[in-house]
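User: I am new to this protein and would like a guided tour. Please keep the answers short.

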Amino acid sequence: MLIFLKANMELIENTLEDVIALTHQAHFNVGTVTYDDRPGEVFEYSIGLGWQIHKDSKGRTWFRHGGNTNSQSAYIGFDLSALTGVVILCNYQEVDI
């Protein structure tokens, strides 16, 4: 996952650079969204090929994707302008009882 993250952040050379760049383009515009933990901020939200793309009011863009199955959870996200990324893998998923 870290190699995949580095490839998406253009930190390693690879033969798929053009294909990866295509996945970073917005293919569906969801619209504006807000988040409870960031009151007063509005984000532009769109979908790329496999990525959820968020743009904040300052023009920063970050890409993310996450999910879970069979009590396993995963998240990957990065901000190209800040050269910051994260991969989180977890073998626990909260269960509602």
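The questions below go from the overall fold to single residues.

User: What kind of model is this, and how many helices and strands are there in the protein?

Analyst: This is a predicted model. From the N terminus on, the order of elements is α-α-β-β-β-β-β-β. The count is therefore 2 helices and 6 strands.

User: What box do the C-alpha atoms of the protein fill?

Analyst: The box is taken along the principal axes. Its dimensions are roughly 45 × 35 × 25 Å.

User: What share of the residues in the protein is buried?

Analyst: A residue counts as buried when its relative accessible area is under 20%. The protein has 97 residues. Of these, the buried share is 26%.

User: Which residues form a nonpolar patch on the surface?

Analyst: Together the members of this patch have about 330 Å² of accessible area. One sits in the segment before α1 (2–8), one in helix α1, and one in strand β6 (residues 84–90). In that order they are M1, F4 and L89.

User: Is L89 buried or exposed?

Analyst: The cut-off for exposed is over 50%. L89 has 59% relative accessibility, so the residue passes that cut-off. L89 is exposed.

User: Which class of accessibility holds M1, and which holds F4?

Analyst: M1 has 48% relative accessibility. F4 has 43%. Values between 20% and 50% fall in the middle class, so M1 is partly exposed and F4 is partly exposed.

User: How far apart in space are M1 and I76, C-alpha to C-alpha?

Analyst: Along the sequence, M1 and I76 are 75 residues apart. In space, the C-alpha separation is 8.2 Å.

User: And what is the C-alpha distance between F4 and I20?

Analyst: F4 lies in helix α1. In sequence, 16 residues separate F4 and I20. In space, their C-alpha atoms are 10.0 Å apart.

User: Which residue forms a salt bridge with R60?

Analyst: Side chains of opposite charge can pair when their charged atoms come close. The structure holds 1 salt bridge. Its closest N and O atoms are 3.2 Å apart, within the 4 Å cut-off. The partner of R60 is D56.

User: Is D56 buried or exposed?

Analyst: The limit for a buried residue is under 20%. D56 has 9% relative accessibility, so the residue falls under that limit. Its partner R60 is partly exposed at 40%. D56 is buried.

User: Which residues line the largest pocket?

Analyst: The largest pocket holds about 160 Å³ of space. R60, the salt-bridge partner of D56, is one of the lining residues. The full lining is Y35, D37, R38, H54, R60, W62, R64 and Y75.

User: How many charged residues are in the lining of the largest pocket?

Analyst: The lining is sorted into classes. It has 3 nonpolar residues and 1 polar residue. The charged count is 4.

User: Where is R64, and how far is its C-alpha atom from that of I53?

Analyst: R64 lies in strand β4 and is partly exposed at 25%. I53 lies in strand β3 (residues 52–55). R64 and I53 are 11 residues apart in sequence. Their C-alpha separation is 6.7 Å.

User: What separates the C-alpha atoms of I53 and F63?

Analyst: I53 is buried, with 3% relative accessibility. F63 is 10 residues away along the chain. The C-alpha atoms of I53 and F63 are separated by 4.7 Å.

User: What is phi of S71?

Analyst: Most residues other than glycine have a negative phi. S71 has a positive value. S71 lies in the loop between β4 (61–69) and β5 (72–79) and is partly exposed at 38%. Its phi is near 65 degrees.

User: And what is phi of L83?

Analyst: L83 is found in the loop between β5 and β6. With a relative accessible area of 56%, L83 is exposed. Phi of L83 is also a positive value in a residue other than glycine. That phi is near 50 degrees.

Note on methods:
Residues numbered from 1 in each chain as written. Predicted model: local features only at pLDDT ≥ 70, side-chain atom pairs only at ≥ 80, totals over all residues. Heavy atoms only, no water. Patch = residues over 30% accessible without salt bridge, like charges linked within 9 Å, V, L, I, M, F, W, Y side chains within 5 Å. Areas by Shrake-Rupley, 256 points an atom, 1.4 Å probe, with all protein chains shown as cover. Salt bridge = Lys/Arg side-chain N within 4 Å of Asp/Glu carboxyl O. Helix = DSSP H or I, 4+ residues; strand = E, 2+ residues; numbered from the N terminus. Buried < 20%, exposed > 50% of the residue type's maximum accessible area, 1.4 Å probe, protein only. 1 Å grid on protein atoms, 1.4 Å probe; cavity = no way out; pocket = protein on both sides within 12 Å on 5 of 7 lines; lining within 4 Å. Points joined across faces, edges and corners; volume = space filled by probe spheres on them. Nonpolar A, V, L, I, M, F, W, Y, C, P; charged D, E, K, R; others polar.
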